[in-house]
Structure formats: C-alpha cells, structure tokens
Amino acid sequence: MNRFHHTLSFLFMLLIANLSLASKKDSLRIVKDISISWESKFSAEEKSRVERILYSLGYHAQASLGKLPFPLKFYCRQKEMSQPLGGCVAKFGGPKRGVQVGFDMRYTDEQFIESWKIHHEISHLHLPWLEKKHEWFYEGFATYMSRQIMLDMGLFTKESLDKLNRKRIDEIRDSFDRDGTFLEVVTYHQDQWNFSEYYWGGSTYFYRANRALEKKYDTNLKEIISKYQQRGRQTDKTLNDVLRSWDNILGKKLFTSLMHKYKTESARQVMADV
Ligand SMILES: [Zn+2]
C-alpha cells in the first residue's frame, strides 16, 4: 500500500466509523470516485494535506447532497494569495470537468475547511449546466446548499446558520425595494455584478423551498437534491426541466409554483415573504 492509499484508508475509517452498513457501502462508492490532479508543484507533505482536505470535503458534500452521477475530480494549483483559497471554479464538461482550486499553503487546514469556497463549487455540480441568464438561480443554489453541507459537518449549528442566512438576506433587503418583479430586479443586480444581491437574493428561493419542504412535506432540500442525482441531473437541459424533476420527486408542484411567484410577484412582495 503506498502513501496515498494509506491516507485514503485512514480517512475513510474516520469517515465511516459511525455509519450503518448500507451507508458504509455508499460512502465507499463516494470516496472511490474522488480523485485529484496536481496542476502545479506540491511537495509530498503538501499533497498529503490537500488530499486529506479534499477527500473529506468531497465526501461530506456528497453525503449531504447525494453522490454525483460521475466521478468528482479536483484540479489543484498552488499560489500565494491574500486568502487561503482562490481561483475556485466548477467545470461542467470538457477534459477538466470537476472543481478547480487554488491553494495558498501558508494557511491552515482549518482555514481551508471553514471557507465556503470548495463546498460552494462542489454544490454547483449537483445541478446541470444552466444558461448564464439563470446565474442568480445557480449561484443562489450554491450559496444556500454549501452552508447546508457545512451544517452537516458541524461548521454551523442550526441556530448559527439561520442567523447567518437572516443577516445576509436582511442586508440586501433595501436593494430589492425597487419597482419590478423579483426576476426583473434580481436580473438587474446580476447585470450590475452586485454579487451579494444576486447570490443571497437567489438563495431566498432555496431558503423558502426548504422551509416549505420541512413544514409541509416532512422532507428537505438535501433529500430532494440527493434523489435528483439519479433522477434528472444527467438528462435535464433547462431550468424548467430541473424544477419539473424536483416537483416529480416530491410529487407536488412546489418548485414550479415558487418560481412562478419569483417571476410574477413584485420584488418587494417576494422579499417580504422570506
Ligand atoms: Zn458559484
């Protein structure tokens, strides 16, 4: 067994220690399908650190949001930055499908794990590629779902996460106090590159959907997204396809009806209902 497999089996034993037998098989499938490509020079020690972090984050993201219907590959580059992680991008196709991550190895493992960036990029892959005009939707999705993964990892409590979601949404309320439907206003912010406005504005869709799922249907968004990986993720092409697939999984028209509100109700009304 080489060093890499040592790291892997050690990690895996830690990860599955508390799981049932069925989940152990699922966990093994998830971990076996994670791999790393070194796009710049890393020492053996640095590689061990990055492997530990990425196998853990790749595992936890898929334990929360479902196993992706394809292997998860990370493309790692090392560079000095003013922050632990940079140049983080999810790619949906081509020879480098997966997640690109830039590491500044001067930062600690905890700083890499506590940053939302890798959780965010893996979340993106749980949706198919969608047109740029729907950016508010897929960035809102990754903004919301990355924190759900972090909640499951114990990086938030339910209370601290709810507080963060409320705070960030409250901070952008004034920007949605404008004439127009929610879709018109969020698209305006998207065109102006007002990132907080359309990332957190978009996240309200998922915040509201999850609240309805928990209250009325005894399920949650993570369960729907997990099932979706085998029931639409590989075949859906458009935003409408995605919403219809989620409705089919739930057996109710929750996601298409909520989108209808976002398209037809005023921005003020939609934000008042968050
Ligand atoms: Zn993103």
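Helices (H or I, at least four residues) and strands (E, at least two) are DSSP runs here, numbered from the N terminus. Residues are numbered from 1 along each chain as its sequence is written. The model is predicted, so keep in mind that local features need pLDDT of at least 70, that side-chain atom pairs count only at pLDDT 80 or more, and that totals for chains, interfaces and linings use all residues.

**View 1. The whole protein, with its 13 helices and 4 strands.** The radius of gyration, taken over C-alpha atoms, is 19 Å, close to the 19 Å that the globule rule (2.2 Å times the number of residues to the power 0.38) gives for 274 residues, so the protein is as compact as a globular protein of that length. Along the principal axes, the C-alpha trace spans about 60 × 45 × 40 Å. Buried residues account for 33% of the 274; a residue is buried if 20 or more other C-beta atoms lie within 10 Å of its own, exposed if 12 or fewer, and partly exposed in between, with C-beta atoms placed from the backbone. Take the contacts (C-beta atoms, placed from the backbone, within 7 Å) between residues at least 6 apart in sequence: 67% of them join residues at least 24 apart.

**View 2. Where domain 1 (3-124) touches domain 2 (132-272).** These bounds come from an automatic or database domain assignment. The C-alpha centres of the two domains lie 25 Å apart. Across the boundary, 15 residues of domain 1 are in contact with 19 residues of domain 2. On the domain 1 side, the elements giving two or more residues are helix H3 (44-65) and helix H5 (117-124), and H3 supplies the largest share, 5 residues. By type, that side of domain 1 has 6 nonpolar, 7 polar and 2 charged residues. For the bookkeeping, Ala, Val, Leu, Ile, Met, Phe, Trp, Tyr, Cys and Pro count as nonpolar, Asp, Glu, Lys and Arg as charged, and the others, Gly among them, as polar.

**View 3. Helix H6 (residues 135-152) packed against helix H9 (residues 195-217).** Two packed helices are described by the angle between their axes and the distance between the axes. Here the angle is about 70 degrees and the axes are 7 Å apart. Axes are lines fitted to C-alpha atoms, for helices over the stretch in contact, and angles run from 0 to 180 degrees between N-to-C directions. That makes H6 roughly perpendicular to H9, a label for angles of 65 to 115 degrees (under 35 is roughly parallel, over 145 roughly antiparallel, the rest oblique). On the H6 side, look for residues including Trp-136, Phe-137, Phe-141 and Tyr-144; the H9 residues they meet include Tyr-198, Trp-200, Tyr-205 and Phe-206. The residues of this contact split into 11 nonpolar, 5 polar and 2 charged.

**View 4. Two loop residues with positive phi, Trp-193 and Asp-218.** Most residues other than glycine have a negative phi. Trp-193, in the loop between helix H8 (182-191) and H9, has phi near 60 degrees. Trp-193 is exposed, with 8 other C-beta atoms within 10 Å. In the loop between H9 and helix H10 (221-228) sits Asp-218, with phi near 55 degrees. Asp-218 also counts as exposed, with 8 C-beta neighbours inside 10 Å.

**View 5. Lys-167 in helix H7 (residues 158-172).** Lys-167 has 10 C-beta neighbours inside 10 Å and counts as exposed. Thr-143 is 24 residues away from Lys-167 in sequence and 14 Å away in space, C-alpha to C-alpha.

Methods: Two residues are in contact if their C-beta atoms, placed from the backbone, lie within 7 Å.
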